[in-house]
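Me: I'd like to practise reading a structure feature by feature. Could you walk me through one?

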Amino acid sequence: MTLYALYLGKWSEAVSSLAVSAAIVSAIFAFEVVHQASLNQLPQLIAKFDCESRYQLIQLVLQNIGGSTAYNVRLSWMEKYGSSEKIFPKPKCIYGGFVAIHQDQEFNRLISLHKGESHFITVDGYYQFYEKNEAPTNYIGRVSFTDQMIGGNEYNIDIPLSMEEFRITLDHNKESTKAEYSIMKLPGKLDEIAKQLSIFNSKIGVFNEGE
């Protein structure tokens, strides 16, 4: 419309058309800003396997990276993903069942997970996990939650999770983890040394008395 008005030499109409266009663009931009700010305030959950925080122990971590608290957080495992006909397994854990927030279904949820907060679920020992779970250890985890304690909107996020990447790598990225574990064993070693010294001293005492 603006170009047509300029072509006809109708300057006032062209100015009016430009003003309308500018107002529409500003309104769209303002809507996008408000919409993005609203999205940033929603809770957003991710899940990942953690093989580094604990020595030879695998954990599943649920983390809220969103802008508000997530409520009624649940974890389930999907057999299918999208339009794929492939059947995905469920990861078995140290407690005999599948990896879950709680093995008892009545308590299998988190009441809340605050902004920036993480929840750690014990999976199994590093080597024990691969003994119990057949390859390929690829899974589809579904994290469900609401944005209010009661009612509110419910969200479901399907997250592909794999333990195959850890099968062919070293146990630890940081040697300090193993070193710290070894240091933790020192008190027990020292107690054993003290015990053996005490036994040795007792034998020396008996030997001296015999002379």
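Reply: We'll go from the overall layout to the core, then to single residues and the surface. Keep in mind that this is a predicted model.

Me: Let's begin with the layout. How many helices and strands are there in the protein chain?

Reply: Start by listing the elements in order. The protein chain has six helices and seven strands, and from the N terminus on they run α-α-β-β-β-β-β-α-β-β-α-α-α. Buried residues account for 27% of the 211 residues. As for contacts between residues at least 6 apart in sequence, 65% join residues at least 24 apart.

Me: Next, the core. Which residues have the most contacts inside the largest nonpolar core?

Reply: The idea is to find the group first, then ask which elements feed it. The largest nonpolar core has 29 residues, and those with the most contacts inside it are Phe 49, Ile 58, Leu 60, Leu 62, Val 73, Val 143 and Met 163. The elements giving two or more residues to this core are strands E1 (45-54), E2 (57-64), E3 (70-77), E4 (110-113), E5 (118-125), E6 (138-146) and E7 (154-162), along with helix H3 (126-132).

Me: Can we zoom in on one of those? What is Met 163 in contact with, leaving aside its neighbours within four places in sequence?

Reply: Setting those neighbours aside, Met 163 is in contact with Phe 49, Cys 51, Ile 58, Phe 129, Tyr 130 and Thr 137.

Me: Now a polar one. Is Asn 64 buried or exposed?

Reply: Check accessibility, then look for what the side chain reaches. Asn 64 sits in strand E2, and it counts as buried because its relative accessibility is 1%, under the 20% cut-off. Its side chain reaches two backbone oxygens: that of Leu 113 at 2.9 Å and that of His 114 at 3.4 Å. Beyond four places in sequence, the contacts of Asn 64 include Pro 43, Gln 44, Leu 45, Thr 69 and Lys 115.

Me: Lys 115 shows up there. Where does Lys 115 lie?

Reply: Lys 115 is in the loop between E4 and E5. At 58% relative accessibility, Lys 115 counts as exposed. Not counting residues up to four places away, Lys 115 touches Asn 64, Gly 66, Gly 67, Ser 68 and Thr 69. Sequence distance can mislead you here: Lys 115 and Pro 43 are 72 residues apart along the chain, with their C-alpha atoms 7.2 Å apart in space.

Me: What about backbone geometry? Which peptide bond is cis, with omega near 0 degrees?

Reply: Here's the background: most residues other than glycine have a negative phi, and most peptide bonds are trans. In this model, the bond from Ala 135 to Pro 136 is cis, and Pro 136 lies in the loop between H3 and E6. For phi, look at Gln 56, which has a positive value of about 55 degrees although it is not a glycine. Gln 56 belongs to the loop between E1 and E2 and is partly exposed at 34% relative accessibility. Asn 72, in strand E3, also has a positive phi, near 50 degrees.

Me: On to charges. How many salt bridges does a search of the whole structure find?

Reply: Three. For each one, read the distance, then how exposed each partner is. Asp 158 and Arg 142 meet at 2.7 Å, N to O. Asp 158 lies in strand E7 and Arg 142 in strand E6, so the pair ties together parts that are 16 residues apart in sequence. Asp 158 is partly exposed at 28%, as is Arg 142 at 25%.

Lys 132 and Asp 124 pair up at 2.8 Å; Lys 132 is partly exposed at 35%, whereas Asp 124 is buried at 2%. Glu 85 and Lys 80 form a salt bridge at 3.7 Å, with Glu 85 exposed at 63% and Lys 80 partly exposed at 43%.

Me: Last stop, the surface. Which residues make the nonpolar surface patch of about 490 Å²?

Reply: Take the total first, then the patch. The accessible surface of the protein chain is about 14,500 Å², and 59% of that belongs to carbon and sulfur atoms. The patch is made by Ile 183, Leu 186, Leu 190, Ile 193 and Leu 197. Helix H6 (residues 186-210) gives the most to it, with four residues. Leu 197 lies in that helix and is partly exposed, with a relative accessible area of 48%.

Definitions and conventions:
Residues numbered from 1 in each chain as written. Predicted model: local features only at pLDDT ≥ 70, side-chain atom pairs only at ≥ 80, totals over all residues. Heavy atoms only, no water. Core = buried A, V, L, I, M, F, W, Y, C linked by side-chain atoms within 4.5 Å. Buried < 20%, exposed > 50% of the residue type's maximum accessible area, 1.4 Å probe, protein only. Contact = heavy atoms within 4.5 Å. Patch = residues over 30% accessible without salt bridge, like charges linked within 9 Å, V, L, I, M, F, W, Y side chains within 5 Å. Areas by Shrake-Rupley, 256 points an atom, 1.4 Å probe, with all protein chains shown as cover. Salt bridge = Lys/Arg side-chain N within 4 Å of Asp/Glu carboxyl O. Polar contact = N/O pair within 3.5 Å; in protein donor to acceptor, adjacent residues only side chain to side chain.
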